Amino acid sequence: DDDHYIQQAVVFIEDAIQYRSINHRVDDRSLRLYRWYYSKLCQWCLGLTIAVVLLLAFVERPSSLSFSSDPRLRATHLNPVCGVTESVELLCLIIFCLDLAVKSYLIGWEEFKKNKWLISYMVVISVSFIDWMLSVSMVCDERLRVRRLIRPFFLLQNSSLMKKTLKCIKRTLPEIASVILLLALHLCLFTMIGMLLFAKTEDPEKNEEWSLHFRNLPMALTSLLVLLTTANNPDVMMPAYSLNRIYAVFFVLFSVIGTYCLMNLLTAIIYNQFRGYLLMSVQTSIIRRRLGIRAAFQVLTSHEDRQAVSPGNSHYFFAPVLQYLQNYFTFNHNIVNEIQQYADVGYMDREQFNKIFDELDKDRIKEHPPVPQYNSPVLQRLQEIFSHYYLTIFGNIVALANVLCIGTVLVLNAEKSIAEKDNVIMQVNTQHTLLIYQFMTLKLIYFQWLLLFLSKSNDGLLKSVMMYIVACVSLIYRDPTSNNVISLWDMVSFINMLIVFRFLRIIPNIKLMALVAGTLLDLVKNLRAFAGILVVVYYVYAVLGIWLFEGVIKPPPEMLLVTLLSNIECGTYEQLGYWPNNFDDFAAAIILLYDVMIVNNWQAFLDAYSRYTTGWSKIYFVCWWLTSSVMWVNLFIALILEVSFLHR
């Protein structure tokens with residue numbers, strides 16, 4: 001069957017383009033199922049299902065459906081009725097079962113037994129179904145939902161990039177563990193020395209350092225661990241330093257060795273392990289692409305030998321495959337040109353076939369649409385004027401002047417109410433700027449009028465929107481202090497926000513700034529797998545935090561609040577007003593974990609949760625600090641250096 005061989009070749013070519021493995025069934029029915037499974041619609045539905053099942057944590061009990069996470073302002077959680085989220089989750093689990101069944105069928109039983117990810121996929125789905133049935137049988141009143149903890153696995157198993165990144169992280173863990181053990185040894189050594197230096201004495205005036213930071217072993221460990229992150233520096237040493245300045249040597253040595261030597265050594269080790277991350281990833285992908293191309297070539301040549309179309313030579317007839325490639329690569333003119341050379345002949349050898357796909361590994365150059373040709377001398381002259389480089393410079397100068405003017409007006413009116421603000425300067429500035437921008441829209445003569453909404457080389461859409469807004473404002477303007485109609489000041493402020501963004505157009509004109517900006521844009525593309533794994537880590541720790549600490553911190557009644565705060569120690573959770581930072585719902589837990597990752601004032605959370613629960617709660621926060629701030633931030637730095645800056 002000619003169509004079957006062509007279908008096989010097309011599927012292998014698609015595998016090569018998408019860097020997929022060619023180890024799957026190739027019979028006619030399996031190929032149709034395979035192409036349907038990897039279609040855009042099917043993969044989009046699977047991605048949407050994963051997103052939905054992860055987002056369920058925001059609406060499940062305890063839900064995040066409230067304007068504030070502060071328990072003083074939030075009356076109760078608006079939890080959905082039992083069965084609503086469970087029904088959505090059941091539908092998602094059924095889709096995951098179908099996904100597992102299709103994948104298992106396409107690769108075969110023998111390959112399925114070797115694939116650890118698919119076996120784990122099956123186990124996770126089974127555990128989720130069992131936990132779901134227990135939840136329904138208990139009328140959604142269970143304390144722990146195990147399936148919430150393992151939901152991020154659905155995100156991991158669906159991304160080959162995340163799997164590769166996890167493999168790299170796994171390879172790096174032994175080196176990271178060795179440095180963390182060295183940090184632990186450094187911390188324990190200085191803790192013992194500190195407890196000896198600041199032991200309790202008979203003089204109460206000399207016991208302040210002991211009472212605040214070195215009263216016992218857990219307190220001393222916590223104080224020095226926080227000092228390692230510099231969050232409590234110099235507070236931790238001030239009682240001792242005020243008595244004798246020589247005590248500062250102890251804290252300085254601890255910070256220099258731990259913070260500046262060992263922590264930076266950890267960054268260097270992680271970067272050294274990730275130096276080959278990009279190269280290994282690209283090599284693996286290239287090998288998969290070569291295998292797919294070779295498999296497609298082999299299928300077509302084998303088919304031709306059987307049909308005896310051109311016996312005894314290395315050429316073959318595959319016009320349908322060329323036509324498919326030509327339709328597939330309409331966006332890549334180089335590939336289309338390569339294919340067109342052989343489309344009329346219908347024959348090519350293996351080297352010529354591989355040459356077509358070499359273009360895929362090259363960077364695509366974005367080509368601007370062709371410049372329209374005008375017959376009118378007036379339009380030709382206008383086209384020459386408004387496409388001149390000096391006009392672009394003039395636009396940037398206008399944008400800079402406008403930003404400076406806006407900043408000046410904001411400074412002058414910072415302390416004034418709406419009624420007291422002098423709108424004249426802002427209005428005049430906005431109107432003049434809009435007139436200049438509207439004049440510069442004549443640059444559209446240089447381009448086609450259709451590019452008003454498509455081309456990045458003009459500001460037509462932004463300027464037109466602003467002009468329409470000004471026209472609407474002139475019609476609805478009323479008293480600026482009126483509550484039922486938007487004030488002119490607010491509308492002009494909105495327009496100026498759009499104008500300020502226009503100033504970003506200067507970035508491509510400055511080479512080094514454009515390089516850095518391009519690197520930041522590349523981070524979105526190159527670090528997607530890293531960001532996905534970070535989402536998984538946040539998700540798991542947030543669920544664990546809700547299990548352990550939901551509702552443990554409760555604000556006192558309002559009558560006792562003033563009395564309590566008057567007697568509370570400065571710098572504590574209560575005195576700083578950290579009530580919205582809690583584990584009462586999923587969204588609040590995410591923000592709290594982010595605050596701890598930044599490590600600014602994270603000792604307030606350590607102290608508060610150890611007081612409201614037990615001292616063992618510190619283990620959770622220390623583990624999160626090690627995972628996020630120590631390991632993950634250093635991984636992020638290493639990946640930025642390797643994938644972005646050095647690559648560019």
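**Exercise 1. The overall fold**

How many helices and how many strands are there in the protein?

*Solution.* Start with the source: this is a predicted model. Next, count the elements. The protein has 28 helices and zero strands. Then look at burial. Of the 648 residues, 41% count as buried. Last, turn to the contacts with a separation of 6 or more. Residues 24 or more positions apart account for 74% of them.

**Exercise 2. A helix pair**

Classify the packing of helix 3 against helix 4, and list the residues that make the contact.

*Solution.*
- Step 1: locate the helices. Helix 3 covers residues 40-55 and helix 4 covers residues 84-107.
- Step 2: take the geometry. Their axes come within 10 Å and cross at roughly 140 degrees.
- Step 3: apply the cut-off. Roughly antiparallel needs an angle over 145 degrees, and roughly perpendicular runs from 65 to 115. The pair is therefore oblique.
- Step 4: give the hand. Helix 3 passes helix 4 in a left-handed crossing.
- Step 5: list the contact. Helix 3 supplies Leu46, Thr49, Ile50, Val52 and Val53. Helix 4 supplies Val88, Glu89, Cys92, Ile95, Phe96 and Asp99.
- Step 6: sort by class. The contact has eight nonpolar, one polar and two charged residues.

**Exercise 3. Ser617**

Is Ser617 buried or exposed, and which residues does Ser617 touch beyond four places away in sequence?

*Solution.* Place the residue: Ser617 is in helix 28, residues 617-645. Check its surface. The relative accessible area is 5%. Buried means under 20%, so Ser617 is buried. Now its partners. Beyond four places in sequence, Ser617 touches Phe549, Tyr609 and Ser610. The Ser617 side chain also reaches the backbone oxygen of Tyr609 at 3.3 Å.

**Exercise 4. Tyr19 and Ser285**

Describe the backbone and exposure of Tyr19, then find its link to Ser285.

*Solution.*
- Step 1: Tyr19 sits in the loop between helix 1 and helix 2.
- Step 2: its phi is positive, about 60 degrees, although Tyr19 is not a glycine.
- Step 3: Tyr19 has 30% relative accessibility, so it counts as partly exposed.
- Step 4: Ser285 lies in helix 14, residues 277-307. Its relative accessible area is 12%, so Ser285 is buried.
- Step 5: neighbours within four places aside, Ser285 is in contact with Tyr19 and Lys164.

**Exercise 5. Pairs far apart in sequence**

What C-alpha separation do Val10 and Ala296 have, and what separation do Thr165 and Ile533 have?

*Solution.* Take Val10, in helix 1 (residues 2-17). Val10 is buried, at 5% relative accessibility. Ala296 is 286 residues away along the chain, yet the two C-alpha atoms are separated by 7.1 Å. Now take Thr165, in helix 9 (residues 160-197). Thr165 is buried, with a relative accessible area of 1%. Ile533 is 368 residues away along the chain, and the C-alpha separation is 8.4 Å.

**Exercise 6. Backbone features in loops**

Locate the cis peptide bonds at Pro62 and Pro234, and the positive phi at Val599.

*Solution.*
- Step 1: the bond joining Arg61 and Pro62 is cis, with omega about -5 degrees. Pro62 is in the loop between helix 3 and helix 4.
- Step 2: the bond from Asn233 to Pro234 is cis, with omega near 0 degrees. Pro234 lies in the loop between helix 11 and helix 12.
- Step 3: Val599, not a glycine, has phi near 65 degrees. Val599 lies in the loop between helix 26 and helix 27. At 13% relative accessibility, Val599 counts as buried.

Methods: Residues are numbered from 1 along each chain as its sequence is written. This is a predicted model: local features need pLDDT of at least 70, side-chain atom pairs count only at pLDDT 80 or more; totals for chains, interfaces and linings use all residues. Side-chain values use heavy atoms; hydrogens and water are left out. Helices (H or I, at least four residues) and strands (E, at least two) are DSSP runs, numbered from the N terminus. Buried means under 20% relative accessible area, exposed over 50%, partly exposed in between (1.4 Å probe, protein chains only). A polar contact is a pair of N or O atoms within 3.5 Å; within protein, one must be able to donate a hydrogen and the other to accept it, and residues adjacent in sequence count only if both atoms are side-chain atoms. Contact means heavy atoms within 4.5 Å. Axes are lines fitted to C-alpha atoms, for helices over the stretch in contact, and angles run from 0 to 180 degrees between N-to-C directions. Angles under 35 degrees count as roughly parallel, over 145 as roughly antiparallel, 65 to 115 as roughly perpendicular and the rest as oblique. A crossing is left-handed if the near helix is turned anticlockwise from the far one by less than a right angle, and right-handed if clockwise. Ala, Val, Leu, Ile, Met, Phe, Trp, Tyr, Cys and Pro count as nonpolar, Asp, Glu, Lys and Arg as charged, and the others, Gly among them, as polar.
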